[in-house]
Amino acid sequence: MNKSIVLRVSNLVKEYQSGSRRLRVLDDISFDIEQGTTGAIVGPSGSGKTTLLALCAGLDQATSGQVEVNGISVAGLSEDERSVLRNEQIGFVFQNFQLMPTLTALENVMVPLELRGERKVRDKAASMLEKVGLGDRLSHYPVQLSGGEQQRVALARAFINDPQILFADEPTGNLDEDTGEKVTELLFDLNADSGTTLLLVTHDLDLAARTGRIIRLKGGRIVSDELTGVADERLV
Amino acid sequence: MNKTSFFDPWLWKMAWRDSRSNRGRLLLFVSSIIVGIAALVAINSFGRNLEETIRTESRSIVGADLVLSSRSPFPEEVEARIAEWPAEEAREVSFASMAYFPRVDNTRLITVRALEGNYPFYGTLETTPAEAADNFRKDGSALVDYSVILQYELEIGDTVKLGNQGFAIAGYLQKVPGQAEAASMVAPRIYIPMDQLENTGLIRFGSRVNHRKLFKFEDSGEMAGLLEGMEALNRKHRIRSRTAEQQGAGVGSAAGNMYGFLNLVAFIALLLGSIGVASAIHVYIKMKLPSLAVLRCVGARIRQTFYIYLIQTLVIGAIGSVVGVILGVAIQVLLPDLFAALLPVQVDFSISWRSAIEGLIVGLGICMLFALLPLLTVRKVSPLSAIRTNIESQTDGRDPLRLLLYAIIAIAATAFAISQTARVDVGLSFIAGVAIAFAALSALALLLMWAVKRFFPSGWRYEWRQSLANLYRPNNQTLVLMLSIGLGTFLISTLYFTQDTLLSQVATLDRDKQPNLMMFDIQADQVEGVEELVRSFDLPVIQNVPIVTTRLAAIKGRTVEELDADSTSKIRGWALKREYRVTYRDTLFSTEEVVEGEWIGRMPADSDTLYVSLETGIVRDLDVKLGDQLTFDVQGVQMPAIVKSIRKVDWQRVQPNFFAVFPRGVIDDAPQFNVLVTRVADQAQSSQLQQAMVKAFPNVSSVDLDLILKTVEKIIDQISFVIRFMALFSILTGLIVLSAAVITTRYQRIRESVLLRTLGAVKQQVNRIMILEYFYLGALAGLTGMLLSLLSSWALAYFMFDLTFVPSIQPLAIILALVVTMTVGLGMLNSRKIADRPPLEILRNEV
């Protein structure tokens, strides 16, 4: 099956100044992610996983190299253009949920659509929350929800704008095992339903093994890039 | 890409949503400007009412269209000219004298005002009963100042004896057009009809008497022309003319100065509040950074996130300003009473919409300008901080927008200060002063933080160390609290110390040995009798000096008129035109020392040149030196005299001192009166002597210096009460800023407290750390403010009042203790329950 490339990373380098030292945290990273696939970036702490995710999502700028999302080069975009790119093409799920504490569950889900200028979005957001099993929690504020429920709201928010690619940074890292399992199920189900490309960053090798491809990082370099075969089955 | 509009309804909706659970906090942030706005609106609105009152009622301020005044009776040619004027005329003769109240057997220095005609033509003499204002003229009775009535518990119908004549008291005098209550404190007024004046026998040759003629013109348009025609005559006879308009302008300008000054005090409160706003918004935005980063992650543009918080600030600023304006109007209701004793007009309450709108604009403007400083950070928030908590937003100090904002703030503050004072130099000086005070306080605060860090007392107990370290930890409020509490303390203590210095100077001048009773208007034929009477009470005659009233006619051959007209002349106007009360004697007093020239005690018989000895200050003001010639006009006789010696005089001694002293044999025969000073042991002896004096010599007035001192204290008290009232706004703002600062850092404190409790700290330890931190803040801010106030009080005493500044320790300690107590009290009030609740519950509820 021929699939188009949704994320292309070429010769990506990221360096930081740490005191008098120049620290290279990503060194010549290149890979492509095809439309509709799932993948995981794994590696020990400090291997550069989150930095790589941030660069792919246009949250940060590379020292050199290229990131293309759906054919659009991130490097050439202004701050605001990158915001629009994230809004239209990218979804996020964070380890610590990152819901806005002053907004209800429904309002949190509505925000990405409203930012696009869409105004009648209440029903769509409500049905998305229904989908993640929170149809009765629309008016609840984040503090009134459990960790698992907050992550479900975050999933609803991530999928509401039909992103081309969804980045998830340790999505179960702050949840207990049972809740984590349920959230994982939900994440993969939603991903399968919407045909979105999923790229996970995780320490959890079991979670990574549920994706179609595992990219291992160590010391800022890719040490292996393997297909697991699992995800493909799931997607087909 | 869509353009982001500030008016996009979604942005406003988002701002509303985002402010949930923070609205109370946001309101608290702006509450620090509420007090400043309130003060500004109250003062401005009151000032405008005052201006309006003066403009519309200038005639009733004087009670007439025109007043002519003179120190001597109006000459025939003036009377003849005035008689032709198409105007109604009234006459008033006033002078200081002693009043004796037989029923209570007591005496008091008062001002007799003998009145003829229907004065006041505009406004009324307010009396109790009201008809007394007319009756006293018909039945030859008297109106007595209410302060005297209160002092001696007098009643209507009681007798007051003025000289040889007794008057029944027809009523109490409450208010006289154009006279502030404070003006009559030293010598309260007693009005009598003019036809009774002669019977008192109080006016004798050489008495100091003011003569006034008051006019009501049928057509006030004619007045200017008639007055112009009188100019030469007025100059010739030293008659002062003042129209209602001029008097109104004078009162207006004096009142304008006063409320201009008070406005600046309000402005300081506003500035303090602005710093509070900036600091609170800074903390608020810091708290909002995670939400901001998430918004950016899900696609919000920079401008959208900026507008969301700008809208919140704008709305809250508007609410704060409206509340400030309402509060200001409420405070304005109090002001007419507060100022009543100091103003010659009754100012009624009415809302000045212009002031209210100005208050709104200023409040909103200041809120926005100062909130924008921290809001600019929003532009720099990186979406990366949503996944990396250690990412700091970039706060580049060289941000051109930030620099532009600083410049706008500086320009706006200067423009505002200039507009409030209506003078460029005063406005600029004020801004410079504020900048210096702010800079000094900030520098001291930074120095303290540095010093605490540098010389950290590692050996102290844990709670003491932890609370001390909190002063320089990240997100500390040390600087803003040092500024607000420090500035408040600085203002209040400077005011206190300056007042204390002035009063103690008057009060503690060797008062046990100084003369304390002064008798004046003693006629030549009474001198011996008065001396005998004083000695019969076993009291010393410390001084008995003759006084001759003169004026300057010429200096070094140039007439006073010429010199006055010469704009290049270095001579001070007041020194040129004032009345000089001079004396003659052959010896120097102990308070005098000849610093230049030769003291001549008696004119040599063969000399045809007259000599005079001048005081050092007047030598400077008249721009003369040894050997120069001054011509004195001694009641019509021109007397040229050569400056033969220059004396240094210790003016602080309570006794008659003189600018000019003649040798014996020059003016000995001129019209004169004597002044005698003595020292009485106590109030009872003072009363007895004064009563005996009034009975024996009714025209001799006695001045009880202790009474004068008390009156001066009362006047200073009244003025300083007004200033303190305004300084209260600064203190109040300081307290609100303190509360806001404590509340904004509450979350951080909770986290620290939870962490400490998790690590095993008990509740008391957590509380102790907080108490100690507020103690340090209060003590350091109070000390800093006080240190600055000692410096400024010293500078004021040294440069402005030429006095020695000796600060008293006790009030210093009291002010400091108060500041510390308030800081700790308020801090703990806002931090209560932090240490009480279980860590988990707090963490879940406060997020």
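Visitor: In the hairpin of S12(B) and S13(B), which residue takes a positive phi?
Guide: Keep in mind that this is a predicted model. The hairpin has two residues between the strands. The one with a positive phi, near 50°, is B:Lys556.

Visitor: How many bridges join S12(B) to S13 of chain B?
Guide: S13 covers residues 558–559. B:Ile555 stands opposite B:Arg558 in S13(B). The two strands run antiparallel, and the number of bridges is two.

Visitor: Which residue meets the side chain of B:Lys556 in a salt bridge?
Guide: B:Lys556 sits in the loop between S12 and S13 of chain B. Its partner lies 72 residues away, in the loop between helix H19 (616–621) and S17. The gap is 3.8 Å, N to O, and the partner is B:Asp628.

Visitor: Is B:Asp628 buried or exposed?
Guide: Start with B:Lys556, which is partly exposed at 42% relative accessibility. B:Asp628 has a relative accessible area of 9%. Buried means under 20%. So at 9%, B:Asp628 counts as buried.

Visitor: How many of the 13 residues of strand S12 of chain B are buried?
Guide: S12(B) spans residues 543–555. The strand is mostly covered. The buried count is twelve.

Visitor: Which residue in S20(B) is the bridge partner of B:Ile547?
Guide: S20 of chain B runs over residues 672–678. Six bridges join S20 to S12(B), antiparallel. The partner of B:Ile547 is B:Phe673.

Visitor: Which residue in S14(B) stands opposite B:Arg551?
Guide: S12(B) pairs with S14 (residues 579–584) in the antiparallel sense. Four bridges hold that pairing. Opposite B:Arg551 stands B:Glu579.

Visitor: Which residue in S17(B) stands opposite B:Ala554?
Guide: S17 of chain B takes in residues 629–634. S12(B) and S17 pair over four bridges, in the antiparallel sense. Facing B:Ala554 is B:Thr631.

Visitor: Which side chain makes a polar contact with the side chain of B:Arg647?
Guide: B:Arg647 lies in strand S18 (residues 637–649) of chain B. At 0% relative accessibility, B:Arg647 is buried. A polar atom of its side chain is 3.0 Å from the backbone oxygen of B:Phe659. The side-chain partner, at 2.5 Å, is B:Glu592.

Visitor: Which helix gives the most to the nonpolar patch?
Guide: The patch lies on chain B and measures about 860 Å²; among its residues are B:Val322, B:Phe349 and B:Trp353. H10 (302–339) and H11 (353–375) each supply at least two residues. With four residues, the top contributor is H11(B).

Visitor: Where is B:Ile351 found?
Guide: B:Ile351 is one of the patch residues. This residue is partly exposed, at 35% relative accessible area. Its place is the loop between H10 and H11 of chain B.

Visitor: How many residues of helix H3 of chain A are buried?
Guide: Now to chain A. H3(A) spans residues 105–115 and is mostly covered. The buried residues include A:Glu107, A:Asn108 and A:Glu114. Of its eleven residues, the buried number is eleven.

Visitor: What positive phi does A:Gly117 take?
Guide: A:Gly117 comes just after H3(A). Its phi is about 100°.

Visitor: Why are A:Glu79 and A:Arg82 separated by about one helical turn?
Guide: Their side chains meet in a salt bridge, 3.1 Å from N to O. A:Glu79 is partly exposed at 32%, whereas A:Arg82 is buried at 3%. An α-helix has 3.6 residues a turn, so residues three or four places apart point the same way. The reason for the one-turn separation is that in H2 (residues 79–89) the two are three residues apart.

Visitor: How far apart are the closest N and O atoms of A:Lys124 and A:Asp162?
Guide: These two form a salt bridge. A:Lys124 is in helix H4 (residues 122–131), and A:Asp162 is in the loop between H5 (147–160) and S7 (165–169), 38 residues apart. A:Lys124 is partly exposed, at 36%. The closest N and O atoms are separated by 3.8 Å.

Visitor: How many salt bridges does a search of the whole structure find?
Guide: Side chains of opposite charge can pair when their charged atoms come close. The search runs over all chains, and the total is 39.

Visitor: What percentage of the 236 residues of chain A count as buried?
Guide: Chain A has eight helices and ten strands. Its exposed area is about 9800 Å², with 44% from carbon and sulfur atoms. The buried share of its residues is 55%.

How values were computed:
Residues numbered from 1 in each chain as written. Chains lettered and ligands numbered in written order. Predicted model: local features only at pLDDT ≥ 70, side-chain atom pairs only at ≥ 80, totals over all residues. Heavy atoms only, no water. Buried < 20%, exposed > 50% of the residue type's maximum accessible area, 1.4 Å probe, protein only. Patch = residues over 30% accessible without salt bridge, like charges linked within 9 Å, V, L, I, M, F, W, Y side chains within 5 Å. Areas by Shrake-Rupley, 256 points an atom, 1.4 Å probe, with all protein chains shown as cover. Salt bridge = Lys/Arg side-chain N within 4 Å of Asp/Glu carboxyl O. Polar contact = N/O pair within 3.5 Å; in protein donor to acceptor, adjacent residues only side chain to side chain. Pairing = 2+ DSSP bridges.
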